Amino acid sequence: MTPGNAQRRSTHWSVITGAPCSGKTAVIHMLEQQGYTVIHEVARAYIDAELAKGKTLSEIKADEWAFERHILMEKVRIESTLNKDEIIFFDRGIPDSIAYYELNGLDSSEPFQRSAAVCYRNIFLFERLHFSKDTVRSEDEKTARQLNRLIEESYQSLGYDIIHVPVLSVKARTEFVLAHL
């Protein structure tokens, strides 16, 4: 069951989510190659753009609230421009911001309120793969485990039934997602 009430905008959108290093982006790229509309991870795009300007990851995230709010509002802005009837896959949805706010000890009432405005069709929570660090990732193994739990709790708190995606090849995970639409 997915949440629904009169104030929620019901969509045909699916969220691919999970902790860092769960293989979300690889599946998003494969879906895009197959012709599906995808929305790439907002935080990664923002961090990549800021790194290209010469900033460090520490500088980008120096004000954690400002960083997380920027990501939240960019997700909200992007979703407001999309057709609710189109099949779209998101690399993280607005409710992921609830988890990130909570991880950083921030008040999550705004991302919770923003999350309540939309109703995604499917939430795919990817099981974690072996953790590896990259230039954009600031999390470690322990934080990734905590984020995985917080992300799941965030979607559950909004009434979503979560589809757990097991560790499989990228192709098999993509087929799994498509079979559950």
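Me: Why are H5 and H7 called oblique to each other?

Reply: In this predicted model, helix H5 (residues 96-103) and helix H7 (residues 141-157) pack at an angle of about 130°, with their axes 8 Å apart. Angles of 65 to 115 degrees count as roughly perpendicular and angles over 145 as roughly antiparallel, and an angle of about 130° belongs to neither of these classes, so H5 and H7 are described as oblique. The crossing of the two helices is right-handed.

Me: Which residues make the contact of H5 with H7, and how do they divide by class?

Reply: On the side of H5 the contact is made by Asp 96, Ile 98, Ala 99, Tyr 100, Glu 102 and Leu 103, while H7 brings Thr 143, Gln 146, Leu 147, Leu 150, Ile 151, Ser 154 and Tyr 155. By class, these are eight nonpolar, three polar and two charged residues.

Me: Why is Leu 103 called neither buried nor exposed, but partly exposed?

Reply: The relative accessible area of Leu 103 is 21%; buried means under 20% and exposed means over 50%, so Leu 103, with a value in between, counts as partly exposed. Leu 103 has its place in H5, and, if its neighbours within four places in sequence are left aside, it is in contact with Thr 143, Gln 146, Leu 147 and Leu 150.

Me: What makes H1 and H8 roughly perpendicular to each other?

Reply: Helix H1 (residues 24-33) packs with helix H8 (residues 170-179) at an angle of about 70°, and their axes are 9 Å apart. Since the range for roughly perpendicular runs from 65 to 115 degrees, the pair is therefore given that description. H1 passes H8 in a right-handed crossing, and the contact is made by Ala 26, Val 27, Met 30 and Leu 31 of H1 together with Val 170, Lys 171, Arg 173, Thr 174 and Leu 178 of H8. These residues divide into six nonpolar, one polar and two charged.

Me: Why does Cys 21 count as buried, and what is its phi?

Reply: Cys 21, which lies in the loop between strand E2 (13-17) and H1, has a relative accessibility of 9%, and because buried means under 20%, Cys 21 counts as buried. Its phi is near 70°, a positive value in a residue other than glycine. Most residues other than glycine have a negative phi.

Me: How do you know that Arg 92 is buried, and where is its place in the chain?

Reply: Arg 92 has 7% relative accessibility, and this value is set against the cut-off of under 20%, so Arg 92 counts as buried. Its place is in the loop between strand E4 (88-91) and H5. Arg 92, although not a glycine, has a positive phi of about 85°.

Me: What makes the chain as compact as a globular protein of its length?

Reply: The secondary structure of the chain comes to eight helices and seven strands. The radius of gyration is 15 Å, and the globule rule gives 16 Å for 181 residues, which is close, so the chain is as compact as a globular protein of that length. Along the principal axes, the C-alpha atoms fill a box of roughly 40 × 40 × 30 Å, and buried residues make up 45% of the 181 residues. Among contacts between residues at least 6 apart in sequence, 78% join residues at least 24 apart.

Note on methods: Residues numbered from 1 in each chain as written. Predicted model: local features only at pLDDT ≥ 70, side-chain atom pairs only at ≥ 80, totals over all residues. Heavy atoms only, no water. Axes fitted to C-alpha atoms, helices over the stretch in contact; angles between N-to-C directions. Helix = DSSP H or I, 4+ residues; strand = E, 2+ residues; numbered from the N terminus. Parallel < 35°, antiparallel > 145°, perpendicular 65-115°, else oblique. Left-handed = near helix turned anticlockwise from the far one by under 90°. Contact = heavy atoms within 4.5 Å. Nonpolar A, V, L, I, M, F, W, Y, C, P; charged D, E, K, R; others polar. Rg over C-alpha atoms; globule rule 2.2 N^0.38 Å. Buried < 20%, exposed > 50% of the residue type's maximum accessible area, 1.4 Å probe, protein only.
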